[in-house]
Amino acid sequence: MESSVPQDIIAIFHASFHPTKGSVIDWSLKASEDLDLSHVEFSCLPSGLHTIERDVIYFTKDEHQGVCIFRRRQTTEHGHRGFRLSSLGILLAKSPRPRPWKHVAALKTLVTTIYSALEDRDALDPLDADWDPARVFFEERKVRRADLSGSGNWLGWNSELEGAVPDSPTLHLPHLLRILGPSSLTLYKHILGRRRVLIVTLPPVEAACILCQVAADTCYEEQVSAPVGATESLDGERASDGLPRLKGRNTAGVKVLGMVTLNDLDKLEFESKSGRGWVACTTDSIFFDKPGYYDLLIDLRPATPNTRPTFHVPKPVEQLNGRGPTHRLSSIRFTWSDVRLWTELDRVLQLDSEGTLDLCCDPSHHAHGEKGHAPIPGSAWTDVWRVYEDVCVMCAGLWMGAWRGTSPASAYPCAPRSSENWGSIRLDGEDDVGLRTQSTPYIRNVGQGIEGRPPGSGGSLGSLTPRALRRASTMSVWTWAGSGNKNGPTEDAPGASSGMFIPGQRSNVPEPSTRQDPAAVARRERQVLTTLALLDAFHANTAAVLSRLATLLEVRKAQQQQQLSTVRRADADVAGTQTVLFTPKDVQSFELGPFSGLDARFVEWLGEEYGGGVRVLVRRSWKDLFGLILGLG
């Protein structure tokens, strides 16, 4: 039986910044003396953290995940520039599903206890007796059994989220989907394709660390489970329904590295060689000049209540005389094929439009104060790219409505087309996840956030109909900013949510309230239901894509084997790796964009991971593209 207190800690340590030595570990306690803690202090004290009072940082050390609590304390000591910077952290034993967030609440209490004792006697340097609470904490939670008493087991999402602690990153999935918008599906494709993802942020970094874990969780169940359909791979094995199934090359999920710094360049290179894929975050902007280390970069720094984070992919460039940069960064956005899945995710988000309060990753709560929020200065129009997003989603929904319901690979059957639901997605079953929302619609002003209407502010969302709320939680509204719209058709819209996430906001991060009340419990239950519904939508889409890939690989391999029996082809590598060619029409059969370079690469990534040694190459010549347009084979 799993203990109420997880017993999976192998080390506890205290890292601080020394004015002449830099970041150092000044106290530690380990379950084994063979455990190496060197360089972990750099992840616990990343650059820029001196601008905030407190933070939570997730990181990794070799194969062990960890978490630390950062505090900034005032001092008049010479050389410290007015502050002492320190973090108290732990490392967890290796397991199938490490959960460092289960220790966060207790670790925060421990930090408060230790530093309060120092403040009471007006001291800054802890004595040996000051670490006694940390020793008690470690003895209570250190590893005692090889199986960790079940605390590291993976039993599925229902078990994972049942009674989940408030610090569980997975529960932030709805909130972060509202922040990233349709571009979150670009991230999803890179995670499913096991690419390298780096997130650049400003302090505080907890929200970026949470995004790392949430991104990995969108595909975690498929990547760690048995082959889709619970059978073996393509080599003659089929599921009970007769469909071929695929087995991934890796048996573990995408690795969540958490916070990385320039000191971790060797680690990034090492992790990249495994082909498992990773997702990490950093505060070092110099990574913009090192695009060879990652496949997707998400920049949270420019994000505001009116703008999305920006996405970039590295593209190789030709070097002159063997010198100069090997890659350059190119901006990327969601593709039209993403609208189908995004429409379904957004429909689930609308059902929980009241559950947007999220104090855990709320860097903006303290900075904006209690008296309301003035619009952020800038353009008189909302961000032009968000308007572009609206137009693309609308046009793509109309354009795809004529063909997406007839695709054999569709995981979401469409209702009969009519003027009311043409171009939209409809799932079988009841239109709820255990909750309903209604309210009167409103026009949101600039500066009021992108995460939807907050609970308890200027009316209720209880009467908003699904049609009136279409994309309200994630899309901008065409409206003037500032005083020019005071007489416009705008009702009393709320200010920015106190739970609104603004990545990189330089502010004091407040401690979340630990008081439990019926409203908070009900909100948590809604959040769990919404998260499960979103994970189920990702799972259904992943299963459909992999099922289609399995079927198509069998067909193409059979065709090429037949051709090889009559004439020898040059479509094999020196090592004997077979190459399977897909056409733009094949890409379209996945309900992906046949003209999208990202979707073509996505199919090739899936072939690399699930092809069983077969190399998938998407052929995108002008002949193939024109053949698709003209309806040729």
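Is Lys267 buried or exposed? In this predicted model, Lys267 is buried, with a relative accessible area of 17%. Its salt-bridge partner is Asp264, and the closest N and O atoms of the two lie 3.9 Å apart. Asp264 counts as buried as well, at 7% relative accessibility. That pair is a handy way into the charged contacts, but the sheets and the nonpolar interior come first.

An open sheet of five strands is found in the order β2-β1-β5-β4-β3, and its pairing is antiparallel. At its edges stand β2, covering residues 22-30, and β3, covering residues 54-61, each of which pairs on one side only. On average, neighbouring strands here are turned by 25° against each other, with direction ignored. Eight bridges join β3 to β4 (residues 64-74) in the antiparallel sense. Within this pairing, Thr60 has Gln65 of β4 as its bridge partner. Helix α2, spanning residues 104-120, packs on the sheet and touches β1 (9-18), β3, β4 and β5 (83-92). The direction of α2 makes about 35° with that of β4.

A further open sheet is built from six strands, arranged β7-β8-β6-β9-β10-β11, and here the pairing is mixed. Its edges are held by β7 and β11 (327-332); each has a single partner strand, so one side of each is left without a neighbour in the sheet. From one strand to the next, the twist averages 20°. The edge strand β7 runs parallel to β8 (residues 278-282), and four bridges join the two. Across this pairing, Val256 stands opposite Val279 in β8.

Val279 also leads into the nonpolar interior. The largest nonpolar core has 112 residues, and Val279 is among those with the most contacts inside it, together with Ile12, Leu187, Ile199 and Phe582. Helix α13 (residues 518-564) gives this core its largest share, twelve residues. A second core, separate from that one, has twelve residues, including Val200, Val260, Leu268 and Tyr293. Which residues does Val279 touch, leaving aside those up to four places away in sequence? They are Ile191, Val197, Ile199, Cys212, Ala216, Val254, Lys255, Val256, Leu257 and Gly258.

One residue in that list, Lys255, returns to the subject of charge. Side chains of opposite charge can pair when their charged atoms come close. In total, 23 salt bridges are counted. Lys255 takes part in one of them with Glu63, at 3.5 Å from N to O. Glu63 lies in the loop between β3 and β4, while Lys255 belongs to strand β7 (residues 255-259), so the pair ties together parts that are 192 residues apart in sequence. The two ends of this bridge sit in contrasting surroundings: Lys255 is buried at a relative accessible area of 7%, whereas Glu63 is partly exposed at 39%.

Arg72 and Glu53 form another salt bridge, with their side chains meeting at 2.8 Å from N to O. This pair also links distant parts of the chain, since Arg72 sits in strand β4 and Glu53 in the loop between α1 (40-44) and β3, 19 residues apart. Arg72 counts as buried at 14% relative accessibility, and Glu53 is partly exposed with a relative accessible area of 23%. The buried pair of Asp264 and Lys267 has both its partners below the 20% limit. Elsewhere, Arg97, Arg99, Glu160 and Asp217 are joined into one network by salt bridges that share partners.

Finally, the cysteines deserve a look. A disulfide is a covalent bond between the sulfur atoms of two cysteines. How many disulfides does the model contain? The count comes to zero. Cys44 is in no disulfide, and its nearest cysteine sulfur, that of Cys68, is 3.7 Å away. Cys281 has its closest cysteine sulfur in Cys209, and the separation of 3.7 Å is too far for a bond. Cys44 is buried, with a relative accessible area of 0%, and Cys281 is likewise buried at 0%.

Note on methods
Residues numbered from 1 in each chain as written. Predicted model: local features only at pLDDT ≥ 70, side-chain atom pairs only at ≥ 80, totals over all residues. Heavy atoms only, no water. Core = buried A, V, L, I, M, F, W, Y, C linked by side-chain atoms within 4.5 Å. Buried < 20%, exposed > 50% of the residue type's maximum accessible area, 1.4 Å probe, protein only. Contact = heavy atoms within 4.5 Å. Pairing = 2+ DSSP bridges. Axes fitted to C-alpha atoms, helices over the stretch in contact; angles between N-to-C directions. Salt bridge = Lys/Arg side-chain N within 4 Å of Asp/Glu carboxyl O. Disulfide = S-S within 2.5 Å.
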